[in-house]
Amino acid sequence: MAVEDSDLRQRKKKSPKKATDAITGQVVDDDEDLVKTGIEKLKKIKKSLVASSDSDEPDTKSKPKPSRSAAASSSAPASGGVQPHHGFDGVALLLLVGGLLTRLHQLGLPRAIVFDELHFGKFAGYYVNNMFFFDSQPPLGKQLLALAAHFAGFDGNFNFDRIGSEYPEGFPVYALRLLPAVAGSLLLPASYCLLRQLGVSRPAAGLAGLLLLLDNAVLVQSRFMLMEPFLLLFSVLGVFCLVRFRHYRERPFSLPWLGWLTAGFVFLGAATSVRYSGLLTLLLGAVIVCRDFWTLIPDRRVTSGQLLAQLAARALAVLAVPLLVYGASFYAHLTVLHKAGAHDNVMTSAFQASLDGGLASIIQNQPLEVGHGSQVTLRHTLGRTCWLHSHEGVYPVKYDDDRGSSHQQQVSCYSYKDVNNWWIVKQPDIDDMRVTSPFKPVKHGDIIQLVHGMTSRALNSHDVAAPMTPGNQEVSCYIDYNISMPAQNLWKVELLNGKDTGNVWHAIVSQVRLIHQPSGTALKFTGQQLPDWGHNQLEVTCDKVVQQDDTIWNAEEHRYTLAEGSEKQQEDMAGAEMLPLSSARLSLWAKFTELQLKMLFNNQETVQGHMYASDPLDWLSLKRGVAYWISPDSNAQVHFLGNAAVWLAASASLAAYAGIMGIYLLRRRRECYDIPEDEWDKMCDLGLIVLLGFALNYLPYFIIDHTFFLHHYLPAYIFAVLMSACIVDHVFVLLGRVAGGWLRLPAAAGVLLWLAAAVYTFIRFSVVTYGTTPLSAPEVQALAWRDTWDLIVHKP
């Protein structure tokens with residue numbers, strides 16, 4: 001058997017096995033020859049696949065899914081196959097010219113206050129006259145208007161009293177409206193350039209600019225002294241710069257890389273400094289930069305140290321640059337507005353005292369230290385402005401809900417200066433309420449009484465439920481009814497910032513909590529309005545929760561109780577205690593932080609029940625516009641209303657993008673790749689920037705408790721219009737890969753028909769866009785294409 005096996009092995013060595021190739025039909029030797037033939041065959045198959053991928057026919061067959069590393073690198077814009085557009089070309093120039101022609105046309109008309117020019121024109125006048133004012137939105141946009149007013153020679157003395165008031169002869173209405181008009185014109189080429197950076201074709205990007213040019217709402221908002229033109233322009237420019245920044249990912253820390261990154265967040269910081277809604281686009285900018293960094297992580301060419309350096313640089317740009325722009329706008333705001341104005345009573349007493357004139361002129365020589373015998377007005381420090389107040393009226397025996405009261409003298413918080421706001425600080429063991437000699441200042445932890453100046457009754461609280469806030473104790477001034485309810489009128493002084501004053505109570509600057517001693521509760525402003533029996537003043541109670549802003553008070557006006565008929569004591573008191581209030585000087589940082597808190601909690605824009613208010617869902621279908629101005633002599637009017645042909649298409653494009661991408665995602669799960677990878681990357685990029693930009697600027701309005709108008713939708717609407725152009729671009733890309741591209745012709749005809757409808761609508765509604773054409777009642781009614789479009793008819 002061994003011999004047979006040996007013979008068999010010898011025969012195999014001498015006679016190698018032959019094989020026939022299944023594809024070529026050639027006879028080849030086994031082992032090495034067969035391997036070589038297989039390699040040559042694979043090379044031929046690879047060449048044929050490369051050739052087929054270059055054809056114009058769409059490849060809907062299954063193909064290998066790209067690897068993770070390939071997907072990561074292709075998601076980066078610099079390597080996704082899209083060549084970015086780098087310049088301001090002829091199309092952008094034409095859009096700019098068109099924007100200037102439409103926005104500057106009859107810019108000085110109507111020569112009357114239009115919509116929010118009532119506020120922003122007035123604010124420009126305050127800047128010119130250096131008078132402090134309070135507004136719940138950041139100041140940059142108003143400062144730009146004020147700059148135009150300054151160069152135009154506006155003296156700031158015109159009284160912006162009501163919408164529709166005529167501007168006087170010599171008022172620079174054209175100059176004040178010019179800067180918003182220019183900003184609105186620049187928005188068109190900026191939007192075009194943004195889409196070109198995202199890889200959208202020149203015709204489609206030009207279409208986006210043309211649609212914005214033809215939109216009546218964007219035009220109206222760009223022709224008057226309003227903030228939206230600055231907000232929209234800065235937002236689009238910021239996103240544009242960050243998209244350009246991504247194209248330099250291979251050259252980190254180069255001058256273009258740093259320049260575009262910084263410029264992007266400078267513009268987004270400027271948008272936030274115009275209106276707080278700019279924060280939403282700033283968030284989009286942060287997402288763009290963070291995602292770009294995320295695509296760097298798998299790149300083995302980038303070391304860990306380089307990644308950390310890039311992370312630090314990007315974080316610094318996202319956080320520090322917008323804060324610097326925001327802080328600079330408030331630095332200019334607080335530096336320029338150094339005089340007391342009509343709105344300074346919103347601020348704390350210390351803030352008011354730091355302004356020239358106003359409260360500062362009243363208190364500049366008043367006593368500083370509060371002590372026994374001090375007469376003070378106690379102001380609610382944070383939140384709504386009001387002063388601790390009392391009067392002869394008493395609480396009703398029973399409230400409307402049949403709860404009983406103490407029937408003591410009412411105590412409230414009154415929003416106006418009044419003689420009944422004065423209280424006398426008294427030490428419990430001293431009956432004489434004149435200032436003692438030596439003077440005894442009140443310190444942190446001292447027990448005092450507060451006696452109402454006009455009724456001589458002490459501030460008191462009992463274990464009786466408050467009228468409007470039953471969970472708190474009622475506060476009153478004690479009346480002795482000779483019943484079993486003794487006075488409980490002792491209060492402990494807690495100084496919140498005692499370290500700044502040596503633990504001595506100072507007028508203006510000391511923030512004080514008054515703790516009711518028998519109960520341990522704190523004197524609190526609740527903000528609830530009392531009924532008619534309380535003269536609709538604001539409720540004051542005692543609350544067990546001591547640590548809260550509404551329990552903080554400060555002595556604003558201050559004087560000493562002097563001995564009657566003692567001229568010598570008056571002279572000594574004036575010389576010894578009537579000192580200049582130097583401590584009322586506030587640092588710029590203290591002013592800035594206080595103003596931020598006031599802006600956060602004082603919203604002046606909420607107007608309940610406005611006839612032109614609308615909900616976010618109404619915006620998508622252009623359900624309601626806003627009347628901006630009406631002529632007193634005719635039905636000529638300015639009405640904020642979008643171009644329906646553009647508006648509805650923009651809303652539909654959002655759903656179209658979601659549907660298209662949904663189909664692609666499902667197909668790709670089945671490993672069916674219908675479009676080239678560079679087109680897929682571009683569509684994903686559009687989702688990240690354009691669709692996310694819309695969502696961030698739209699969805700938050702569903703959860704914000706506020707009265708909204710159609711113009712609040714404009715930042716989101718700009719992204720919706722950009723998306724409509726992106727959808728058109730993608731459709732033409734698809735049609736170019738089907739049947740030789742001849743389907744592009746009917747598609748182009750459809751786009752031209754859409755543009756014709758947009759042009760017709762623009763011209764049709766231009767009469768209420770410019771507001772210079774007198775209209776008859778039937779002509780106005782003919783413009784109400786929807787029943788909810790409330791155009792005004794007040795003349796036959």
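Let us start with Asp543, which forms a salt bridge with Lys524; the closest N and O atoms of the two are 3.1 Å apart. Please keep in mind that the structure shown above is a predicted model. The two partners come from distant parts of the chain: Asp543 belongs to strand β13, residues 538-543, while Lys524 belongs to strand β12, residues 522-529. In sequence they are 19 residues apart. Asp543 and Lys524 are both buried.

As a reminder for those new to the subject, side chains of opposite charge can pair when their charged atoms come close. How many salt bridges does a search of the whole structure find? The search finds 20, and I shall discuss some of them.

The next pair is Lys623 with Asp618. These residues form a salt bridge in which the closest N and O atoms are 3.9 Å apart. Are the two partners buried or exposed? Lys623 counts as partly exposed, because its relative accessibility is 30%. Asp618, by contrast, has a relative accessible area of 14% and is therefore buried, the cut-off for that term being under 20%.

I turn now to Arg624. Its side chain meets that of Asp790 in a salt bridge, with a distance of 3.6 Å from N to O. Arg624 sits in the loop between α18 (616-620) and β15 (626-630), and Asp790 in the segment after α24 (777-783), so this salt bridge ties together parts that are 166 residues apart in sequence. With a relative accessible area of 18%, Arg624 is buried. Asp790, at 25% relative accessibility, counts as partly exposed.

Salt bridges may also join into a group. Which residues are linked in a network of salt bridges? They are Arg379, Lys417, Glu556 and Glu557.

Finally, I would like to leave charged residues and consider Phe719. This residue is placed in helix α21, which covers residues 714-735. Phe719 has a relative accessible area of 5%, and it is therefore buried. What is Phe719 in contact with, once its neighbours within four places in sequence are left aside? The contacts are Leu284, Ile689, Val690, Gly693, Phe694 and Asn697. For one of these, Phe694, we may add a distance: Phe719 and Phe694 are 25 residues apart in sequence, and their C-alpha atoms are 5.2 Å apart in space.

To close, I would invite you to find two places in the model above: the salt bridge between Asp790 and Arg624, and Phe719 in helix α21. Thank you for your attention.

Terms used: Residues numbered from 1 in each chain as written. Predicted model: local features only at pLDDT ≥ 70, side-chain atom pairs only at ≥ 80, totals over all residues. Heavy atoms only, no water. Salt bridge = Lys/Arg side-chain N within 4 Å of Asp/Glu carboxyl O. Helix = DSSP H or I, 4+ residues; strand = E, 2+ residues; numbered from the N terminus. Buried < 20%, exposed > 50% of the residue type's maximum accessible area, 1.4 Å probe, protein only. Contact = heavy atoms within 4.5 Å.
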